[in-house]
Amino acid sequence: MTTPNPAWAKEPAPRYPAPTFKGSKIEGFRYHSKEFFEEEWEHMWTKVWLLLGRADEIPETGDYQQEEVGPESILMVRQEDGGIRAFYNVCQHRGARLIFNDVGTVDAFTCPYHGWRWEIDGQLTFALDPEDFPEGDPCGKLTLNEIRCEVFAGFIWVNMDPDCVSLQEYLGPLWDEWSAYEMDHWKRYLAQTCTAPINWKVIIDNFNESYHLPTVHPQAAGKTEESYLSTQYDMAPEGHARMWMQSGKPSKQMEWNGGQVKIEPVLERQLRLWELDPDEFRGGREYETREAIQQAMRKLGPSRGYNHFQNLRDHQLTDVYHYFLFPNFAVSLWATGFHFLRARPHPTDPTQSVFDHWWYSPVPKDLDTPIYTPNGVFKAGEDVEHEVFNYGEQSLGLLIDQDMGVTTGQQLGFRSRAFKGVYLSGQEARIRRYHEVIDEYIEGKGKRAVPSNPHTAVAAE
């Protein structure tokens, strides 16, 4: 099957408008100062759209998910009309949390302290001894505190700022780009949540640059072009960023480093998955694998149930698009996989964070099709357990173990009096950009709406 517009499919991704940098200094205190931690919370975290739950995991009326962000706990609840609403998980009587489960189903939320009953739409319908309140019966007066909530790409997004812009306006160019993948019904095949001894920004810094790939992830050269010379970096006015790296072929770093260009097992597996013989590309044709895989995916994808392939450019079938969604969500997005990397602030300690390591994939027609994740192979349609643990108690998989191994040491270094601030390369500019956006929020400039159409397409060089 070919795309509706073959010429469009071969075009590179349009660039985002280039940002203007202030040249702000990124010093160590940003990663351990309690004062800066509190400024971030008050002026940034409570003003931005945050990706929290997953809509298809609460399909029935009364189904809920609960997630924590810093000191807050957020309830996301399926309503009788099929919509989803979000509330702070706190009783308006004397502040007790209503629930402590991550997921569940209720007819109503009953406060464990005094038994007040809150309906799933936030209305209070029962309070013990209602005649004994000098201000009058609280039923009909009090409601749960509701939060702005929208659903996009199958995920539930919330914003604690009642005056925020819409989610579509906040996401900017990512709205249309993500829509093409039809992720609404992709399934989660990996779910790990780890409390880590590092500030949330240390995690996000790491996922906002590829400079560390040759040293920390040398195995990536087997199927992904690592060099910044072959990578496109983009930063959106809203604070988000994108990195496009060629994949489906050996990295030229092999050759540049004096090694032999060869088809590694990870690339061999990808070729066989799309009914291509790796031996046909050995002996001088190794760099041709990327285009061959793209053609095979065009041909075989629809019959395997991957109908969204028709919405993607050729290079999106093989290449990795790494997105950063301000302020705390990074994702590596392939045509058949979504590597979910999210960092949340600890409720009280700036030197700790909560890290979510998940993987989503579309469900193929043939349920015997293997689903490859960073942590192994799963059966299509298989349900997986959500694992919650502290760093060091179990593995996060080779890739993330490598990342965490170096960033935990980095957190310690940020406290040294010898550290005077980062010294960034050009390919690390996305780090500088998102730190400057944090500062804009702290300065009170982050709430303003962006222009309705700021994205003038610029041809890729």
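## A mixed sheet, a one-faced helix and an aromatic cluster

Eight strands make up an open sheet of mixed pairing, ordered S12-S13-S14-S15-S16-S17-S11-S20. The model is predicted. At the edges of the sheet sit strand S12 (232-235) and strand S20 (387-390), each pairing on one side only. From one strand to the next, the twist averages 15°.

Strands of a sheet pair through backbone hydrogen bonds, in either a parallel or an antiparallel sense. Take S16 and strand S17 (residues 353-361). These two run antiparallel and share eight bridges. One point of register is Ala343, whose bridge partner in S17 is Phe355.

Strand S16 (337-345) also leads to helix H2, as it is among the elements that cover the buried residues of H2. The helix spans residues 34-43, and its buried residues are Phe36, Phe37, Glu40 and Trp41. Viewed down the axis of H2, these residues fall within an arc of 140°, so they line one face of the helix. The spacing fits a general rule. An α-helix has 3.6 residues a turn, so residues three or four places apart point the same way.

What lies over that face? The cover of the buried residues of H2 includes strand S2 (63-69) and strand S3 (72-78). Helix H5 (200-206) and helix H12 (429-442) contribute as well. The N-terminal end of H2 is capped by Ser33. A side-chain oxygen of Ser33 lies 3.3 Å from the backbone nitrogen of Glu35.

Now turn to the aromatic rings. The structure holds 31 aromatic pairs. In one of them, Trp116 and Trp118 have ring centres 6.2 Å apart and planes at 40°, so the pair is tilted. Trp116 and Trp118 are both buried.

Phe155 and Phe338 offer a stacked pair. Their rings are 5.7 Å apart centre to centre, with 25° between the planes. Phe155 belongs to strand S10 (residues 155-159) and Phe338 to strand S16, so the pair ties together parts 183 residues apart in sequence. Phe155 is buried, and Phe338 is too.

Which aromatic cluster includes Phe155 and Phe338? It is one made up of Phe155, Trp178, Trp244, Tyr321, Tyr323, Phe329, Phe338, Phe340, Trp358 and Tyr360.

Strand S16 thus recurs along this route. S16 has a place in the eight-strand sheet, pairs with S17, helps to cover the buried residues of H2 and carries Phe338 of the stacked pair.

Definitions and conventions: Residues are numbered from 1 along each chain as its sequence is written. This is a predicted model: local features need pLDDT of at least 70, side-chain atom pairs count only at pLDDT 80 or more; totals for chains, interfaces and linings use all residues. Side-chain values use heavy atoms; hydrogens and water are left out. Buried means under 20% relative accessible area, exposed over 50%, partly exposed in between (1.4 Å probe, protein chains only). Helices (H or I, at least four residues) and strands (E, at least two) are DSSP runs, numbered from the N terminus. The arc is that of the directions from the helix axis to the C-beta atoms. Contact means heavy atoms within 4.5 Å. A polar contact is a pair of N or O atoms within 3.5 Å; within protein, one must be able to donate a hydrogen and the other to accept it, and residues adjacent in sequence count only if both atoms are side-chain atoms. Two strands pair if DSSP finds at least two bridges between them. Axes are lines fitted to C-alpha atoms, for helices over the stretch in contact, and angles run from 0 to 180 degrees between N-to-C directions. Rings of Phe, Tyr and Trp (its six-membered ring) pair if their centres lie within 6.5 Å; planes under 30 degrees apart count as stacked, over 60 as edge-to-face and the rest as tilted.
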